Amino acid sequence: MEKLETYIAFDLEFNTVNELSHLIQLSAVKYRGDQEIDSFDTYVYTDVPLQSFINGLTGITADKIAQAPKVDSVIASFKDFVGDLPLIGYNAYKSDLPILAENGLDLNEQYKVDLYDQAYERRSTDLNGIRNLKLTTVAEFLNITGKGHNSLEDARMTARVYHYFLECDENKSLLSNQENLEVTNPFAALGNFFD
């Protein structure tokens, strides 16, 4: 998995009516190393009625949407926030990136790490025994807290999962290097015993 020094973890919520998805919340967190240094979070105006299922799932109400900025303004602000930084997400190829592209913002080139793909690859190692690969399930499995279906919380959980996986990769690398050292030097386990 690619290690990024400064990056954006993002997520969005949407309301699908008549097979058309309408952006209703867009959020992101900017990280440098393992520290959150900035965030972006806004609801998005739409005149399409909010599905009751979406209201129950996300807690987003019609009032929040009615008072929110319009999608063009949100997309422009988000584009400024992201700049040219690399992006990470959770299963963003499925809906998040296409919804942004439908609204005039194609970020596919900047998208570097999909944590869903990483979770899928790690399901028999780092996530052995996990019941499914939903973001909230992966986060809970890794003792990461957060409220699912709130795009700001989901972006933060995504970043924390990313850091957990990076730590796992670093630990595996250290163990591999130690094993290689022991294979090439049978006295490596003795350390500096003879110094």
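Two strands pair if DSSP finds at least two bridges between them. The views below show a predicted model.

**View 1. Strands S2 and S3 pair in the antiparallel sense.** Strand S2 covers residues 20-32, and eight bridges link it to S3 in the antiparallel sense. Strands of a sheet pair through backbone hydrogen bonds, either parallel or antiparallel. Arg32 faces Gln35 of S3 across this pair.

**View 2. Five strands make an open, mixed sheet.** The order is S3-S2-S1-S4-S5. Strand S3 (35-43) and strand S5 (111-114) stand at the edges. Each has a single partner strand, so one side of each lacks a neighbour in the sheet. From one strand to the next, the twist averages 25 degrees. Helix H5 (residues 115-122) packs on the sheet and touches strand S4 (87-89) and S5. The direction of H5 makes about 35 degrees with that of S5.

**View 3. Ser21 sits in strand S2.** Beyond four places in sequence, Ser21 touches Phe14, Asn15, Thr16, Ile99 and Glu102. The side chains of Ser21 and Thr16 share a polar contact of 2.9 Å. Ser95 is 74 residues away from Ser21 along the chain, yet their C-alpha atoms are separated by 9.0 Å.

**View 4. The buried residues of helix H3 lie on the same side.** Val74, Ile75, Phe78, Phe81 and Val82 are buried in H3. Their arc around the axis is only 120 degrees, which puts them on the same side of the helix. An α-helix has 3.6 residues a turn, so residues three or four places apart point the same way. The cover over the buried residues of H3 includes strand S1 (6-17), S2, S3, S4 and helix H4 (96-102). On the face turned away from the buried side, H3 carries the exposed residues Asp72, Lys79 and Asp80. How does the length of H3 compare with the span expected at 1.5 Å a residue? Its twelve residues should span 16 Å, and the end C-alpha atoms are 16 Å apart, which agrees. Gly83 follows H3 and has a positive phi, near 55 degrees.

**View 5. Val74 is found in helix H3 (residues 71-82).** Is Val74 buried or exposed? Its relative accessible area is 2%. Buried means under 20%, so Val74 counts as buried. Leaving aside neighbours within four places in sequence, Val74 is in contact with Leu26, Phe40, Thr42, Tyr43, Val44 and Pro69. Of these, Phe40, Thr42 and Tyr43 fall within strand S3 (35-43). Leu26 belongs to S2 (residues 20-32). Leu23 is 51 residues from Val74 along the chain, with 9.9 Å between their C-alpha atoms.

**View 6. Helix H5 buries Leu115, Gln118, Ala119 and Arg122.** These residues cover an arc of only 100 degrees around the axis, which puts them on the same side of H5. At the start of the helix, a side-chain oxygen of Asp114 reaches to within 2.9 Å of the backbone nitrogen of Tyr116.

**View 7. Gln118 lies in helix H5.** The relative accessibility of Gln118 is 12%, so this residue counts as buried. Which residues does Gln118 contact, leaving aside its neighbours within four places in sequence? They are Met1, Val113 and Phe165.

Definitions and conventions: Residues numbered from 1 in each chain as written. Predicted model: local features only at pLDDT ≥ 70, side-chain atom pairs only at ≥ 80, totals over all residues. Heavy atoms only, no water. Helix = DSSP H or I, 4+ residues; strand = E, 2+ residues; numbered from the N terminus. Buried < 20%, exposed > 50% of the residue type's maximum accessible area, 1.4 Å probe, protein only. Contact = heavy atoms within 4.5 Å. Axes fitted to C-alpha atoms, helices over the stretch in contact; angles between N-to-C directions. Arc of directions from axis to C-beta. Polar contact = N/O pair within 3.5 Å; in protein donor to acceptor, adjacent residues only side chain to side chain. Expected span 1.5 Å × (residues − 1).
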